[in-house]
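Subject: Handover of a structure and its computed features

Dear colleague,

Please find below the sequence and the structure that I am handing over to you. A description of what was found follows directly after them.

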Amino acid sequence: MRRVFILLAVLCVCDGVKFGQLCNGNSANSRRTSDRWGRGDYGASRGARLHKGLDIVCSDGSIVYAPFDVTLNGKVTVYNDPNKAAINSGINLSGEGLCFKLFYVQPDRTLGTVRAGQRLGVMLPMQSVYPEITSHIHVQMCDRSDPTPHF
């Protein structure tokens, strides 16, 4: 009797995916480090909870770009607090096998597709809500896993 072995290899398309430039003026996707409001790394303490995203430096009013070809999957409401209305916007995206959200962005549109490097929208006025914070885009994976390996 002859035995036949079949080896199946499964490769996640998302392995090795790196984000392209997100924000005008920050071609290296520099991360928010420490400021009076805390740290921007994944898992940083937020009192009784942990930060479930990665903060990428972006000046208020800057153009925000698609990091690779993406599908726009609708608007995100970031807060339920009316005191934070000035920055209460973001967008759901998917592409390259990843599902993620960008917070503090006023998207130009919320459905359709956008090519890598094309404009997604504008960074909202974070300084008006959090004075002296390092203004940033919050990148959060849909499953709340760590986005850091993609930067």
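In the three-stranded part of the fold, Val105 stands opposite Met123 in S12. Strands here are DSSP runs of E with at least two residues, helices are runs of H or I with at least four, and both are numbered from the N terminus. Two strands are taken to pair if DSSP finds at least two bridges between them.

This is a predicted model, in which local features need pLDDT of at least 70 and side-chain atom pairs count only at pLDDT 80 or more, while totals for chains, interfaces and linings use all residues. Residues are numbered from 1 along each chain as its sequence is written, and side-chain values use heavy atoms, with hydrogens and water left out.

The sheet of three strands

Strand S10 and strand S12 (residues 119-123) run antiparallel and are joined by three bridges. Besides Val105, Gln106 has a place opposite S12, where it faces Val122. S12 is also joined to S6 by three bridges, again in the antiparallel sense, and there Ile63 has Val122 as its bridge partner. The result is an open sheet with the order S6-S12-S10 and antiparallel pairing. Its edge strands are S6 (63-65) and S10 (105-107), each of which pairs on one side only. On average, neighbouring strands of this sheet are turned by 40° against each other, direction ignored. For such angles, axes are lines fitted to C-alpha atoms (for helices over the stretch in contact), and the angles run from 0 to 180 degrees between N-to-C directions.

The sheet of six strands

A further open sheet has six strands in the order S5-S13-S9-S8-S7-S11, with antiparallel pairing. Strand S5 (54-57) and S11 stand at its edges with a single partner strand each, so one side of each is left without a neighbour in the sheet. From one strand to the next, the twist averages 30°.

Strand S7 (residues 70-76) pairs with strand S11 (residues 111-114) over four bridges in the antiparallel sense. Within this pairing, Val70 stands opposite Val114, and Leu72 has Gly112 as its bridge partner. S7 is also joined by four bridges to strand S8 (residues 90-95), and these two run antiparallel. In S8, the partner of Leu72 is Leu93.

Aromatic pairs

How many aromatic pairs does the count come to? The rule is that rings of Phe, Tyr and Trp (its six-membered ring) pair if their centres lie within 6.5 Å, with planes under 30 degrees apart counted as stacked, over 60 as edge-to-face and the rest as tilted. By this rule the count is seven aromatic pairs. One of them is the edge-to-face pair of Phe19 and Phe100, at 4.9 Å centre to centre and 65° between the planes. Phe19 lies in the segment before strand S1 (34-35) and Phe100 in strand S9 (residues 98-103), so the pair ties together parts that are 81 residues apart in sequence. Phe19 is buried at a relative accessible area of 8%, and Phe100 is buried at 0%. Here buried means under 20% relative accessible area, exposed means over 50%, and partly exposed lies in between (1.4 Å probe, protein chains only).

Phe103 and Tyr104 form another edge-to-face pair, with 6.1 Å centre to centre and 80° between the planes. Both Phe103 and Tyr104 are buried. Ring pairs also link Phe19, Phe68, Phe100 and Phe151 into a cluster.

The largest pocket

The largest pocket has a volume of about 440 Å³. On a 1 Å grid over the protein atoms alone, a pocket is an open set of points with protein on both sides within 12 Å along at least five of seven lines, whereas in a cavity a 1.4 Å probe fits but cannot get out; lining residues have an atom within 4 Å of a point. Grid points are joined across faces, edges and corners, and the volume is the space filled by probe spheres set on them.

Of the 20 lining residues, Arg46, Arg49, His51, Tyr79 and Tyr104 are the closest to the centre of the pocket. Strand S4 (49-50) and strand S13 (136-141) are the elements that give two or more residues to the lining, and S13 gives the most, with three.

Trp37

Trp37 is placed in the loop between S1 and strand S2 (38-39). Trp37 is partly exposed, with a relative accessible area of 36%.

Kind regards
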